[in-house]
Amino acid sequence: MTTTDERPVTDDPGTALRWETACRLERLQPERGVAALFGDQQVAIFRTHAGELYAIGNIDPKSGAAVLSRGIVGDRGGEPTVASPVYKESFSLVDGRCLDAPGVSVPAYPVRVHDGRVQIGLR
């Protein structure tokens, strides 16, 4: 989810994220995804109508195709989701877990806006 905090985000002490710029904020259309490549990590970035930003892995774990950024953005029980365009399985934009197949997930990445640019936190 979006943050404007400029401090490094850590999951455990001593493990800071590297912030990589994906695009300018105004380039993201609400309820649409875009794909970004950072080294070998494909990331799907989404902006909701409410203005929240989310980033998850772009690779559909069932098909192996890099397509989640082209999925249908929606909501399941108040949780923002994207449905894979291949097999229609829904993934949480919050934490990357598949809501239709227990134990299946994609990576979820922290997102922030810094000087009008969308940045993804990578390890």
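Here are some notes on this predicted model, going from the overall fold to a few local details.

1. Overall make-up. This is an all-strand affair: the protein has eleven strands and zero helices. Read from the N terminus, the elements go β-β-β-β-β-β-β-β-β-β-β. Of the 123 residues, 38% are buried. If you take the contacts with a separation of 6 or more, 44% of them involve residues 24 or more positions apart.

2. The open sheet. Four strands make up an open sheet, ordered 3-4-5-9, with antiparallel pairing. Its edges are strand 3 (32-38) and strand 9 (108-109), each of which pairs on one side only. Strand 9 is held to strand 5 (residues 53-57) by two bridges, and the two run antiparallel. To find the register there, look at Ile56, which stands opposite Ala108 in strand 9.

3. The hairpin of strands 6 and 7. Strand 6 (residues 72-76) and strand 7 (residues 79-83) run antiparallel and are joined by five bridges. Gly74 sits opposite Thr81 of strand 7. The two strands form a hairpin with two residues between them, and Gly77 in that turn has a positive phi of about 60 degrees.

4. The hairpin of strands 10 and 11. Here strand 10 (residues 111-114) pairs with strand 11 (residues 117-122) over four bridges, again in the antiparallel sense. His114 is opposite Arg117 in strand 11. This hairpin too has two residues between its strands. The turn residue to check is Asp115: its phi is positive, about 55 degrees, although it is not a glycine. Asp115 counts as exposed because its relative accessible area is 62%, against a cut-off of over 50%.

5. The largest core. Which residues have the most contacts inside the largest nonpolar core? They are Val43, Ile45, Ala55, Val118 and Ile120, in a core of 14 residues. Strand 3, strand 4 (41-47), strand 5, strand 10 and strand 11 are the elements that give two or more residues to this core. Strand 11 supplies the largest share, with three residues. As background, nonpolar side chains tend to be buried together in soluble globular proteins.

6. Around Val43. If you want a single residue from which to explore that region, try Val43. Leaving out residues up to four places away in sequence, Val43 touches Val34, Ala35, Ala36, Phe38, Ala55, Ile56, Asn58, Tyr109 and Ile120. Two of the names come up elsewhere in these notes: Ile56 is the residue opposite Ala108 in strand 9, and Ala55 is listed with Val43 among the core residues with the most contacts.

7. A second core. Apart from the largest core lies another one, of twelve residues. Phe46, Leu68, Val73 and Phe91 are among its members.

8. Lys88 and Asp100. Lys88 is in the loop between strand 7 and strand 8 (90-92). Lys88 is not a glycine, yet has a positive phi of about 65 degrees. That deserves a glance, since most residues other than glycine have a negative phi. Is Lys88 buried or exposed? It counts as exposed, because its relative accessibility is 54%. Asp100, in the loop between strand 8 and strand 9, is twelve residues from Lys88 in sequence, and their C-alpha atoms are 9.2 Å apart. Asp100 touches Lys88 along with Arg76, Glu89 and Ser90, not counting residues up to four places away in sequence. With 38% relative accessibility, Asp100 is partly exposed.

9. Rings and charges. Searching the whole structure gives zero aromatic pairs. There is a charge over a ring, though: Lys62 lies over the face of Tyr87, at 4.7 Å from the ring centre.

10. Cysteines. How many disulfides does a search of the whole structure find? Zero. Cys23 counts as buried because its relative accessibility is 19%, with the cut-off at under 20%. Cys98 is buried as well, at 6% relative accessibility.

Key: Residues are numbered from 1 along each chain as its sequence is written. This is a predicted model: local features need pLDDT of at least 70, side-chain atom pairs count only at pLDDT 80 or more; totals for chains, interfaces and linings use all residues. Side-chain values use heavy atoms; hydrogens and water are left out. Two strands pair if DSSP finds at least two bridges between them. Rings of Phe, Tyr and Trp (its six-membered ring) pair if their centres lie within 6.5 Å; planes under 30 degrees apart count as stacked, over 60 as edge-to-face and the rest as tilted. A charge sits over a ring if NZ of Lys or CZ of Arg is within 6 Å of the ring centre and within 35 degrees of the ring normal. A disulfide is a pair of cysteine sulfur atoms within 2.5 Å. Buried means under 20% relative accessible area, exposed over 50%, partly exposed in between (1.4 Å probe, protein chains only). A nonpolar core is a set of buried Ala, Val, Leu, Ile, Met, Phe, Trp, Tyr and Cys residues joined through side-chain atoms within 4.5 Å. Contact means heavy atoms within 4.5 Å.
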